[in-house]
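Welcome! Have a look at the model below, and then let's work through some questions together.

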Amino acid sequence: MDMARQQRTKESGGVPRQRLTAQDWADAALAAIGEGGLAAVAVEPLAARLGTTKGSFYWHFANREALVEAALERWEQLGTEAVITEVEAEPDPGERLRRLLLHATNRSAEDPLEVSLLATAAQPRVAAALARVTERRIGYVASLFAELGFPEEEARRRGLLAYTAYLGHTQLAHAVPRSLPDAAARERYLDDVIDMLVRPL
């Protein structure tokens, strides 16, 4: 073991410190965005959060902008693609829609990340990510309404309605949480929302 590694081992209490990955940095950046917006993505505070040095950052990223881009890509993967993959295990499109809205609204009520990203939508990188995610999410929800038998145009309209209901719920959950049903009544409330959305014209 070389002297530098011995020193790192000594400083970590005798346990060799695991090498951080680009994903570790992206996850830390996402947590910072949720707590303080895009301005909170700064190398030195993130290095302190991760218990490492700026050298680790520059091993993975050329600059802060590259980290922001990686964080946004990570958000797209975790907050959209992974959720879609999870609900796709349910064969019934109506139940898939219910599970999707329940999962998304519960998660957004607990995590301020989406509200923080919406608040920084004027930043070009964030705007591009929000556009991609919005189109993907509305498109997926519209496909569920199409599976339920709605014509394409109507399915798209209802997909948009469902997504705007989700965004409104997300904003209220952080701005005026008392205006929403508590946890015990939330599922009934969301069931009512879904019933209205799937009701034939």
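A crossing of two helices is called right-handed if the near helix is turned clockwise from the far one by less than a right angle, and left-handed if it is turned anticlockwise. Keep that in mind as you read, and remember that this is a predicted model.

Q: How many helices and how many strands does the protein chain have?
A: Reading along the sequence, you meet the pattern α-α-α-α-α-α-α-α-α-α. The C-alpha trace of the protein chain spans about 75 × 35 × 35 Å along its principal axes. The secondary structure comes to 10 helices and 0 strands.

Q: What percentage of the residues of the protein chain count as buried?
A: A residue counts as buried when its relative accessible area is under 20%. Of the 201 residues of the protein chain, the share that passes this test is 38%.

Q: Which helix gives the most residues to the largest nonpolar core?
A: In soluble globular proteins, nonpolar side chains tend to be buried together. Here the largest nonpolar core has 25 residues, and Trp25, Val41, Leu46, Leu67, Trp75 and Leu117 touch the most other members. Two or more residues come from each of helix H2 (22-36), helix H3 (43-50), helix H5 (64-87), helix H7 (113-119) and helix H8 (124-147). With 6 residues, the helix that gives the most to this core is H2.

Q: How many residues are in the other core, the one that includes Ile84 and Phe150?
A: This core lies apart from the largest one. Among its members are Ile84, Val87, Phe150 and Leu197, and its residues number 16.

Q: Which residues is Val41 in contact with, leaving aside neighbours within four places in sequence?
A: Val41 is one of the residues that touch the most other members of the largest nonpolar core. Leaving aside those sequence neighbours, the contacts of Val41 are Ala29, Ile33, Leu46, Arg64, Leu67 and Val68.

Q: Is H2 roughly parallel, antiparallel or perpendicular to H3?
A: Two packed helices are described by the angle between their axes and the distance between the axes. For H2 and H3, the angle is about 110° and the axes are 10 Å apart. Angles of 65 to 115 degrees count as roughly perpendicular, so H2 and H3 are roughly perpendicular.

Q: How many nonpolar, polar and charged residues does the contact of H2 with H3 have?
A: H2 passes H3 in a right-handed crossing. On the H2 side you find Asp24, Trp25, Ala28, Ala29, Ala31, Ala32 and Glu35, and they meet Val43, Leu46, Ala47, Arg49 and Leu50 in H3. Sorted by class, this contact has 9 nonpolar, no polar and 3 charged residues.

Q: Is Leu50 buried, partly exposed or exposed?
A: Leu50 is found in helix H3, and it touches Leu20, Asp24, Trp25 and Ala28, not counting residues up to four places away in sequence. Its relative accessible area is 23%. Buried means under 20% and exposed means over 50%, so Leu50 is partly exposed.

Q: How many ångströms separate the C-alpha atoms of Pro45 and Ile194?
A: Pro45 lies in helix H3 and counts as partly exposed, at 48% relative accessibility. Along the chain, Pro45 and Ile194 are 149 residues apart. In space, their C-alpha atoms are separated by 42 Å.

Q: Is H6 roughly parallel or antiparallel to H9?
A: Helix H6 (residues 93-110) and helix H9 (residues 152-175) pack at an angle of about 25°, with their axes 9 Å apart. Angles under 35 degrees count as roughly parallel, so H6 and H9 are roughly parallel.

Q: How do the residues of the contact of H6 with H9 divide into nonpolar, polar and charged, and what are the numbers?
A: H6 passes H9 in a right-handed crossing. Leu101, Ala104, Thr105, Ser108 and Ala109 in H6 meet Ala162, Tyr166, His169, Thr170, Ala173 and His174 in H9. They divide into 6 nonpolar, 5 polar and no charged.

Q: In which kind of crossing, left-handed or right-handed, does H9 pass H10?
A: H9 and helix H10 (residues 183-198) pack at an angle of about 155°, with their axes 10 Å apart. That angle makes H9 roughly antiparallel to H10. The contact is made by Arg158, Leu161, Ala162 and His169 of H9 and Tyr189, Met196, Leu197 and Val198 of H10. The crossing of H9 with H10 is right-handed.

Terms used:
Residues are numbered from 1 along each chain as its sequence is written. This is a predicted model: local features need pLDDT of at least 70, side-chain atom pairs count only at pLDDT 80 or more; totals for chains, interfaces and linings use all residues. Side-chain values use heavy atoms; hydrogens and water are left out. A nonpolar core is a set of buried Ala, Val, Leu, Ile, Met, Phe, Trp, Tyr and Cys residues joined through side-chain atoms within 4.5 Å. Buried means under 20% relative accessible area, exposed over 50%, partly exposed in between (1.4 Å probe, protein chains only). Helices (H or I, at least four residues) and strands (E, at least two) are DSSP runs, numbered from the N terminus. Contact means heavy atoms within 4.5 Å. Axes are lines fitted to C-alpha atoms, for helices over the stretch in contact, and angles run from 0 to 180 degrees between N-to-C directions. Angles under 35 degrees count as roughly parallel, over 145 as roughly antiparallel, 65 to 115 as roughly perpendicular and the rest as oblique. Ala, Val, Leu, Ile, Met, Phe, Trp, Tyr, Cys and Pro count as nonpolar, Asp, Glu, Lys and Arg as charged, and the others, Gly among them, as polar.
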